[in-house]
Amino acid sequence: MDKNQLTEFAKKYTAAWCSQNAESVAAFYAEDGSLKINDGNPSVGRAEISAAAQSFMTAFPDMVVKMNAVTGEGEQAVYRWTLTGTNTGPGGSGNSVNISGYEEWRFGSDGLIAESKGHFDENEYQRQLNSKK
């Protein structure tokens with residue numbers, strides 16, 4: 001994937017995260033692709049990846065993901081993002097969150113994400129999520 005293709009892929013991936021349609025996020029992954037968020041267990045396959053995306057979309061109905069940068073060569077890329085949203089989903093705290101992170105992507109021969117390792121500051125996320133107003 002060249003730089004322009006990677007940038008377009010990342011822009012569309014970002015739009016999928018903003019869509020409130022979890023299946024559209026999962027469509028960027030190979031059938032047996034995986035998404036690992038911080039130290040959690042990987043979500044393997046599109047159904048599990050969709051469920052992981054849906055958990056964020058449900059918690060933050062107004063969620064916006066912004067692409068900060070994407071870099072890469074060949075089968076590897078790093079996608080940097082910022083998530084903002086208000087935790088007004090079921091049982092939510094009502095708090096706003098603004099957290100940045102990145103995903104390390106490995107692409108398969110089909111041009112889709114075979115493996116994504118996501119990283120963000122979980123402690124800062126929890127602090128914003130649970131802080132008293």
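Elements that cover the buried residues of helix α3 include α1 (3-18), α2 (22-26), β1 (29-37), β2 (43-44), β4 (76-86) and α4 (122-130). The model is predicted. The chain holds four helices and six strands. Its six strands form an open sheet with mixed pairing.

**Overall fold**
- Along the sequence, the elements follow the pattern α-α-β-β-α-β-β-β-β-α.
- The chain has a radius of gyration of 14 Å. This agrees with the value near 14 Å for a compact globule, because that is what the rule gives for 133 residues.
- Along the principal axes, the C-alpha atoms fill a box of roughly 45 × 25 × 25 Å.
- Buried residues account for 41% of the 133 residues.
- Among contacts with a separation of 6 or more, 52% link residues 24 or more positions apart.

**Sheet**
- The strand order is β2-β1-β6-β5-β4-β3.
- β2 and β3 are the edge strands, and each pairs on one side only.
- β1 runs parallel to β6 (residues 113-120), with five bridges between them. In this pairing, Y29 stands opposite I113 of β6.
- β3 (residues 64-73) runs antiparallel to β4, and nine bridges join them. V64 stands opposite T84 of β4.
- The hairpin of β3 and β4 has two residues between the strands. There, G74 takes a positive phi near 60°.
- In a regular strand, side chains alternate between the two faces of the sheet.

**Helix α3**
- α3 covers residues 46-59, which is 14 residues.
- Its end C-alpha atoms lie 20 Å apart. The expected span is also 20 Å, because each residue counts for 1.5 Å, so the two values agree.
- Its buried residues are I49, S50, A52, A53, F56, M57 and A59.
- Both helices and strands appear among the elements covering these residues, including α1 (3-18) and β1 (29-37).

**Nonpolar core**
- The largest nonpolar core has 34 residues.
- Y13, W17 and W105 touch the most other members of that core.
- Leaving out residues up to four places away in sequence, W17 touches V25, A53, F56, M57, M63, V65 and E103.
- Among these partners of W17, A53, F56 and M57 are also buried residues of α3.
- In soluble globular proteins, nonpolar side chains tend to be buried together.

**S43 in strand β2**
- S43 lies in β2, one of the edge strands.
- S43 has 13% relative accessibility, so it counts as buried. The cut-off for buried is under 20%.
- Not counting residues up to four places away in sequence, S43 touches G33, S34, L35, E48, I49 and A52.
- Of these contacts of S43, I49 and A52 are among the buried residues of α3.

**Q128 in helix α4**
- Q128 is part of α4.
- Q128 counts as buried because its relative accessibility is 12%, against a cut-off of under 20%.
- The side chains of Q128 and E124 make a polar contact of 2.8 Å.
- Setting aside neighbours within four places in sequence, Q128 is in contact with N95, S96, V97, N98 and I99.
- α4 (122-130) is also one of the elements covering the buried residues of α3.

Terms used. Residues numbered from 1 in each chain as written. Predicted model: local features only at pLDDT ≥ 70, side-chain atom pairs only at ≥ 80, totals over all residues. Heavy atoms only, no water. Expected span 1.5 Å × (residues − 1). Buried < 20%, exposed > 50% of the residue type's maximum accessible area, 1.4 Å probe, protein only. Contact = heavy atoms within 4.5 Å. Polar contact = N/O pair within 3.5 Å; in protein donor to acceptor, adjacent residues only side chain to side chain. Core = buried A, V, L, I, M, F, W, Y, C linked by side-chain atoms within 4.5 Å. Pairing = 2+ DSSP bridges. Rg over C-alpha atoms; globule rule 2.2 N^0.38 Å.
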